[in-house]
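Here are two short exercises to work through with the model open beside you. Try each task before you read its solution.

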Amino acid sequence: MPSPLNEFLEQCHASFHGDDSGAVADYIPELTKADPAHFGISLATMDGHVYEVGDSAVPFTIQSISKAFVFALALERLGHDRVEKVIGVEPSGEAFNSIRLTHDNRPFNPMVNAGAIACSGLIHEVERDGAFELIHETLSRFAGRRLDIDDAVYLSERATGDRNRAIAWLLHNYDVLKCDVDSALDVYFRQCAILVTARDLAVMAATLANGGRNPVTEAQIISPYAVARTLSVMTSSGMYDYAGEWVYRVGIPAKSGVGGGIIASLPAQLGLGTFSPRLDDHGNSARGLKVCEALSAHFGLHVLNRSDDIRTCVIADYNATGLSSRRNRMVSELKVLEERSGEIRILELVGALSFATMDFVSRRLAQDDGAKFVVIDLRRTPSISLGAGLLADRIIESFTRKSVIVIFSGFDKSSPLWPSVAAWAEKSPNVRHFQLLDDAIEWAEDQVVFRYSGFDHHGSTSHLSEQALLAGLTSAELDEIAALGRERSFKAGERIIRAADKADALFFLQKGVVSIKLSGGARLASLIPGMVFGEMSLLESERSADVWADTTVHCLELPLTAYGQFRSAHPRSAERIMANLAKLLAGRLVLANSKVEVLSNY
């Protein structure tokens with residue numbers, strides 16, 4: 001099935017390809033050689049998928065689009081104080097190559113030529129002869145590949161760049177450009193001559209939208225701080241004297257170049273790159289503008305009109321009842337957990353946690369302050385923003401003051417979430433972490449049970465008469481089964497049954513606790529004395545899961561050969577055992593359905 005988004009981009013390409021409005025740039029002679037028929041569209045998502053339509057692989061020079069990335073590099077390399085001291089961030093309302101400064105003799109912003117030349121000069125002050133190579137390397141990392149340079153365009157721009165020289169000398173006169181003027185201009189001319197494709201621009205734009213992390217290579221290229229400020233200036237000034245109209249009609253941070261390219265970065269959602277050398281009167285790609293406007297209008301994309309519903313970050317919110325974890329519990333324990341169900345609160349979250357979503361979670365938690373244990377499952381959460389992390393700090397501080405224990409689950413220590421949770425755990429003794437949600441719920445349940453009744457199943461011993469599988473058998477029949485079986489003991493941590501082994505016996509648990517787990521470690525259930533495991537050997541020939549001893553375990557092993565003898569001697573009792581097995585399986589199905597129902601309500 002074709003991707004709906006890819007189909008939309010193809011429709012845009014077909015609709016706008018015949019638009020002959022605008023003209024190829026001519027103020028740099030070499031740019032006049034561009035083929036006006038070329039038209040490419042590419043869109044990159046936050047998970048690294050890249051859509052390509054039309055001439056998306058045709059190379060062209062990046063020109064002024066480089067300004068956004070060099071500004072981000074300057075912020076990263078020199079710090080915002082030094083950059084903002086010499087370059088403003090206000091829209092100019094004038095053409096990109098205007099020879100005009102602010103009232104305090106600074107370039108209006110880094111997206112016009114004056115500001116871009118100042119940025120290149122700042123980097124040259126620090127890097128000297130290595131300035132361009134640093135810029136070239138950084139832009140290549142944004143694109144995810146080594147970018148080439150069009151020497152012919154570079155030489156053409158250098159030979160005809162008198163207006164930019166005038167701007168540079170004006171900056172030098174007001175001490176904005178402190179390094180050698182020709183050296184700074186050479187860096188600027190070279191960076192504008194870097195070759196890119198529409199696909200490259202989409203990946204570069206997506207890297208900005210992804211907080212500075214390239215979604216294709218997964219490399220962190222620039223800090224989120226630099227990205228946020230770059231996107232802000234792109235929003236207000238990236239499209240020159242069309243910027244106000246752009247924010248109104250499209251509303252996505254963007255930057256254009258006279259080479260025919262446009263980038264658009266919608267934070268946390270997508271990066272768009274277009275190429276068509278036909279420019280409108282503002283110096284923006286005419287077809288590229290139409291693509292951006294269509295994408296924004298059709299899908300309702302706007303940096304100030306996000307479609308995300310923060311309420312969808314909570315997919316489940318419930319209290320533990322004793323049926324929440326996979327541990328089978330004694331009647332006395334179930335009674336305690338049922339009576340104290342409000343003391344364990346469980347939230348399962350989904351999606352990246354932003355400031356807004358974390359604020360919603362905090363308000364959701366505040367609706368019920370009776371919980372003593374709050375389990376927050378993050379297995380569907382890829383990241384926590386800085387703002388969300390700061391809010392979480394305050395939430396945890398509040399819980400700590402109330403002696404509430406917060407338990408995070410759903411990820412291991414290799415996860416990007418781990419540093420945040422580790423920092424919270426270091427600050428507060430009331431923060432716990434479990435890789436699996438079930439382990440977290442069971443631990444919280446154990447704390448409640450211990451507080452109000454203590455534990456008695458670890459040391460208790462069960463008789464065969466307490467086995468649900470053997471319900472209805474006479475004392476003599478139970479004694480016969482005991483005689484046919486053999487007593488087995490296992491140490492804590494020992495595997496009793498291995499998945500895929502032959503199913504040739506069932507086990508009646510008499511003392512201790514065992515866990516049934518999949519080969520990957522996920523626990524299916526925990527059993528206590530009076531329960532049976534391996535009972536599926538009555539129906540299947542191969543083990544489907546592992547069984548591990550959680551504590552020292554004593555049980556009665558009944559081989560299938562011995563059970564066969566019992567069945568031959570007592571056919572009616574064997575039928576009763578199979579009926580009991582059917583009841584046990586039905587009970588497990590009811591429990592599974594109840595859990596599915598809980599999740600389906602969110």
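**Exercise 1. Place a cross-strand pair in its sheet**

Take Leu509, which stands opposite Cys555 in S20, and work outwards to the strands and helices around this pair in the predicted model.

*Solution*

Step 1. Start with the two strands: S15 spans residues 505-511 and S20 spans residues 553-559, and they pair in the antiparallel sense over six bridges.

Step 2. Now widen the view. These strands belong to an open sheet of four strands, with antiparallel pairing and the order S13-S20-S15-S18. At the edges are S13 (486-490) and S18 (532-533), each of which pairs on one side only.

Step 3. Add the helices. Helix H18 (residues 475-484) lies across S13, S15 and S20, and runs at about 95 degrees to S20. Helix H19 (residues 560-569) also packs on the sheet, where it touches S15 and S20. The direction of H19 makes about 60 degrees with that of S20.

**Exercise 2. Look for disulfides**

How many disulfides does a search of the whole structure find? Check Cys12 and Cys192 along the way.

*Solution*

Step 1. Recall the cut-off: a disulfide needs two cysteine sulfur atoms within 2.5 Å.

Step 2. Test Cys12. The closest cysteine sulfur, in Cys292, is 9.6 Å from that of Cys12, so the gap is too far for a bond. Cys12 is buried, at 4% relative accessibility.

Step 3. Test Cys192. Its nearest cysteine sulfur belongs to Cys119 and is 12 Å away, and Cys192 is in no disulfide. Cys192 is buried, with a relative accessible area of 1%.

Step 4. Finish with the full search: it finds zero disulfides in the whole structure.

How values were computed. Residues are numbered from 1 along each chain as its sequence is written. This is a predicted model: local features need pLDDT of at least 70, side-chain atom pairs count only at pLDDT 80 or more; totals for chains, interfaces and linings use all residues. Side-chain values use heavy atoms; hydrogens and water are left out. Buried means under 20% relative accessible area, exposed over 50%, partly exposed in between (1.4 Å probe, protein chains only). Two strands pair if DSSP finds at least two bridges between them. Contact means heavy atoms within 4.5 Å. Axes are lines fitted to C-alpha atoms, for helices over the stretch in contact, and angles run from 0 to 180 degrees between N-to-C directions.
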